[in-house]
Every structure is written in structure tokens, then in C-alpha cells.
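Reader: I'm in my first year and still learning to read protein structures. Could you take one part of this one and walk me through it slowly?

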Amino acid sequence: MNALSTMVEAARPGGHVLDLQVIRPDPYIELDGRVIARIDGTGLFAWADAAAAAIAARIAAGDLAEEATDDHEVRKHYTDGAELVDDVAQSKRSLPEQAVPTLRRLLRPLVVRERCRTRLLRVG
């Protein structure tokens, strides 16, 4: 992974690299605190899994050491359904086809919740 190599090489030995990755399960959409749909994260997870594997290989090789990990929830707020649909369409994720017309018509705020992992990595 080119970006990872660039980050590791740019940090001095003993320096730190911060890794942020999305983790399963798929993100979900809430309206007024109720889950109304899930977002298919398959495309993003394939990319994230490859990045995590590259970091694991660098840890196994002794180039990096994991010092801390934090799993947490991230929320992204949208003013309405059309904004959410357009945002997801520009990402590596997808919405269930049957949910798109309903979501697009929603004129109320929506929240997407997803799980993320932050890792503090020390350069060896």
C-alpha cells in the first residue's frame, strides 16, 4: 500500500502513525432515533480489509507496533434524505435499491451510524 509506506517512511523511528478504519457491521440510517435502513458497506470493507492486512503485515515485519486501539461509533448527520442518497452514491458503499426513492423523499434530518477503529501505531 503506497500511502502506508509513505507514512511509515516519513515518520522517524519511535514516531507515531494514526490509523482510522471502518469496521463491521454495515452502517445504518436512523430517523428520529429509529433504524430505517442499512447501508451496504461491502465495497468499502473490501478496501478497508486490504488496508488492515497491509498494516498487519507491517506489524508482523516489525516496522510498526500497535500501542493503542479504540473502537467507537461515528455519526454523520444529513439535513434530508436526498443529501444522504447523494453522499452514499459518491462513496464505495451502496443503498438498497428499494430504499432510495423513500429516502430521497424524506425532508427531515437523518443520521448514519457506523463503527470505526482508531489505532495508534509506533514506527519501529
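Author: Let's look closely at the sheet, beginning with the chain around it and ending with a few single residues. One thing to keep in mind is that this is a predicted model.

Start with the whole chain. The protein chain has four helices and four strands, and reading along the sequence gives the pattern α-β-β-α-β-α-α-β. Its radius of gyration is 18 Å, well over the 14 Å that the globule rule gives for 124 residues, so the chain is more spread out than a compact globule. The C-alpha trace tells you about its extent too: along the principal axes it spans about 50 × 20 × 20 Å. Of the 124 residues, 35% count as buried. If you take the contacts with a separation of 6 or more, 79% of them come from residues 24 or more positions apart.

Now to the sheet itself. Strands of a sheet pair through backbone hydrogen bonds, either parallel or antiparallel. Here the four strands make an open sheet in the order β2-β1-β4-β3, and the pairing is antiparallel. Strands β2 (34-38) and β3 (64-78) are the edges, each pairing on one side only. On average, neighbouring strands of this sheet are turned by 35° against each other, direction ignored.

Try following the sheet strand by strand, and take β1 as your guide. Strand β1 covers residues 16-31, and 11 bridges join it to β4, residues 110-123, with the two strands running antiparallel. You can find one of these pairings by locating Ile-29, whose bridge partner in β4 is Val-112. Two helices belong to this picture as well. Helix α2 (residues 42-60) lies across β1, β3 and β4, and runs at about 155° to β1. Helix α3 (residues 81-89) also packs on the sheet, where it touches β1, β3 and β4, and its direction makes about 140° with that of β3.

Next, turn to the other neighbour of β1. Four bridges join β1 to β2, and these strands run antiparallel. Within this pair, Glu-30 stands opposite Val-35 of β2. The two strands form a hairpin, with two residues between them. Asp-32 sits in that loop between β1 and β2, and its relative accessible area of 57% makes it exposed. It is worth a pause on the backbone here. Most residues other than glycine have a negative phi, and most peptide bonds are trans. Asp-32 has a positive phi of about 55° although it is not a glycine.

The second half of that general statement has its own counterpart in this model. The peptide bond from Arg-24 to Pro-25 is cis, with omega near 10°. Pro-25 is found in strand β1, so you can look for this bond while you trace the strand.

Staying with β1, have a look at Asp-19, which lies in this strand. Is Asp-19 buried or exposed? The cut-off for buried is under 20% relative accessible area, and Asp-19 has 11%, so it counts as buried. The side chain of Asp-19 makes a polar contact with the side chain of Gln-21, at 3.1 Å. Leaving aside neighbours within four places in sequence, Asp-19 is in contact with Ile-55, Arg-117, Thr-118, Arg-119 and Leu-121.

Just before β1 comes a loop that links it to α1 (2-10), and Gly-14 is found there. Gly-14 counts as partly exposed, at 39% relative accessibility. Beyond its neighbours within four places in sequence, Gly-14 is in contact with Arg-122 and Val-123. For a sense of scale, Gly-14 and Ala-53 are 39 residues apart in sequence and 22 Å apart in space, taken from C-alpha to C-alpha.

Finally, go back to helix α2, which lies across the sheet, and find Arg-58 in it. Arg-58 counts as buried, at 17% relative accessibility. Not counting residues up to four places away in sequence, Arg-58 touches Leu-4, Ser-5, Val-8, Asp-63 and Leu-64.

Terms used: Residues are numbered from 1 along each chain as its sequence is written. This is a predicted model: local features need pLDDT of at least 70, side-chain atom pairs count only at pLDDT 80 or more; totals for chains, interfaces and linings use all residues. Side-chain values use heavy atoms; hydrogens and water are left out. Two strands pair if DSSP finds at least two bridges between them. Axes are lines fitted to C-alpha atoms, for helices over the stretch in contact, and angles run from 0 to 180 degrees between N-to-C directions. Contact means heavy atoms within 4.5 Å. Buried means under 20% relative accessible area, exposed over 50%, partly exposed in between (1.4 Å probe, protein chains only). A polar contact is a pair of N or O atoms within 3.5 Å; within protein, one must be able to donate a hydrogen and the other to accept it, and residues adjacent in sequence count only if both atoms are side-chain atoms. The radius of gyration is taken over C-alpha atoms; the globule rule is 2.2 Å times the number of residues to the power 0.38.
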